[in-house]
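Got your viewer open? Let's take a walk through this one, one selection at a time.

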Amino acid sequence: VVDWGSTWLPAEGLPKDGSSLVGKVFVYHEIIVSLLQRSSHAYYHFLCEALPKIVLLYHDIEANPKSKILIDTSFGNTWSVQLLNLLGFDDSRIIEREPNTIYHGGTVFFARPTPLHTPYPHLL
């Protein structure tokens, strides 16, 4: 038997925006499209492995103004936001991942992770 004590979620479920628990901040958005995967902060991996997935979902994201795109901009990454801006997504539609933050939503889309250095040819 595992006793999670006070480190587990409260019985009423996940907290909404700004709530904290065990040093984590919870952020809620109605619809999240996550581009997070290993090395998605790096230029090649974002450009060849993550960005094509957004292109496939472009019309669906644009059709729902509540959709937010979750990306990793760590290690000085500025290009992810710039590339999404070039596709027509303004900054209000982009969530830059923050450390110690747990993102959750009414609907969360996760694309199948792309194996490193082997983007799917049909996405390029």
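Start by selecting Arg-97. It comes out as partly exposed, at 31% relative accessibility. Bear in mind as you click around that this is a predicted model.

Now add Asp-72 to the selection. At 10% relative accessibility, Asp-72 counts as buried, because the cut-off for that label is under 20%. The side chains of Arg-97 and Asp-72 meet in a salt bridge, with 3.4 Å from N to O. Arg-97 sits in the loop between β4 and β5 (101-110), while Asp-72 is in the loop between β3 and α2, so this pair ties together parts that are 25 residues apart in sequence.

How many salt bridges does a search of the whole structure find? The total is three, so let's visit the others.

Next stop: select Glu-62 and Arg-93. These two form a salt bridge whose closest N and O atoms are 3.6 Å apart. Glu-62 belongs to helix α1 and Arg-93 to the loop between α2 and β4, so the contact ties together parts 31 residues apart in sequence. Try a surface view here: Glu-62 is partly exposed, at 33% relative accessible area, whereas Arg-93 is buried, at 11%.

For another salt bridge, pick Glu-30 and Lys-66. Their closest N and O atoms are 3.4 Å apart. Glu-30 is in strand β2 (residues 24-34) and Lys-66 is in the loop between α1 and β3 (67-71), which puts the partners 36 residues apart. Buried or exposed, or something in between? Glu-30 is partly exposed, with a relative accessible area of 41%, and Lys-66 also counts as partly exposed, at 47%.

On to the rings. The count of aromatic pairs comes to two. Select Tyr-43 and Trp-79 to see an edge-to-face pair, 5.8 Å centre to centre and with 80 degrees between the planes. Tyr-43 lies in helix α1 (residues 43-63) and Trp-79 in helix α2 (residues 79-86), so the pair ties together parts 36 residues apart in sequence. Tyr-43 is partly exposed at 45% relative accessibility, and Trp-79 is partly exposed too, at 24%.

Now switch to Tyr-58 and Phe-89. This aromatic pair is edge-to-face as well, at 5.3 Å between centres and 65 degrees between planes. Tyr-58 is in helix α1, and Phe-89 is in the loop between α2 and β4 (94-96), so parts that are 31 residues apart in sequence are tied together. Turn the surface on again: Tyr-58 counts as partly exposed, at 24% relative accessibility, but Phe-89 is buried, at 1%.

Last, show α1 as a cartoon and look along it. Where is the kink in α1 centred? Centre the view on Leu-57, where the helix bends by about 65 degrees.

Finish by colouring the buried residues of α1, which include His-45, Phe-46, Cys-48, Leu-51, Ile-54 and Ile-61. Charged residues turn up on that list too, among them Glu-49 and Lys-53. To see what the buried residues of α1 pack against, bring β2, β3 and α2 into view.

Methods: Residues are numbered from 1 along each chain as its sequence is written. This is a predicted model: local features need pLDDT of at least 70, side-chain atom pairs count only at pLDDT 80 or more; totals for chains, interfaces and linings use all residues. Side-chain values use heavy atoms; hydrogens and water are left out. Rings of Phe, Tyr and Trp (its six-membered ring) pair if their centres lie within 6.5 Å; planes under 30 degrees apart count as stacked, over 60 as edge-to-face and the rest as tilted. Helices (H or I, at least four residues) and strands (E, at least two) are DSSP runs, numbered from the N terminus. Buried means under 20% relative accessible area, exposed over 50%, partly exposed in between (1.4 Å probe, protein chains only). A salt bridge is a side-chain nitrogen of Lys or Arg within 4 Å of a carboxyl oxygen of Asp or Glu. The bend at a residue is the angle between axes fitted to the seven residues ending there and the seven starting there. Contact means heavy atoms within 4.5 Å.
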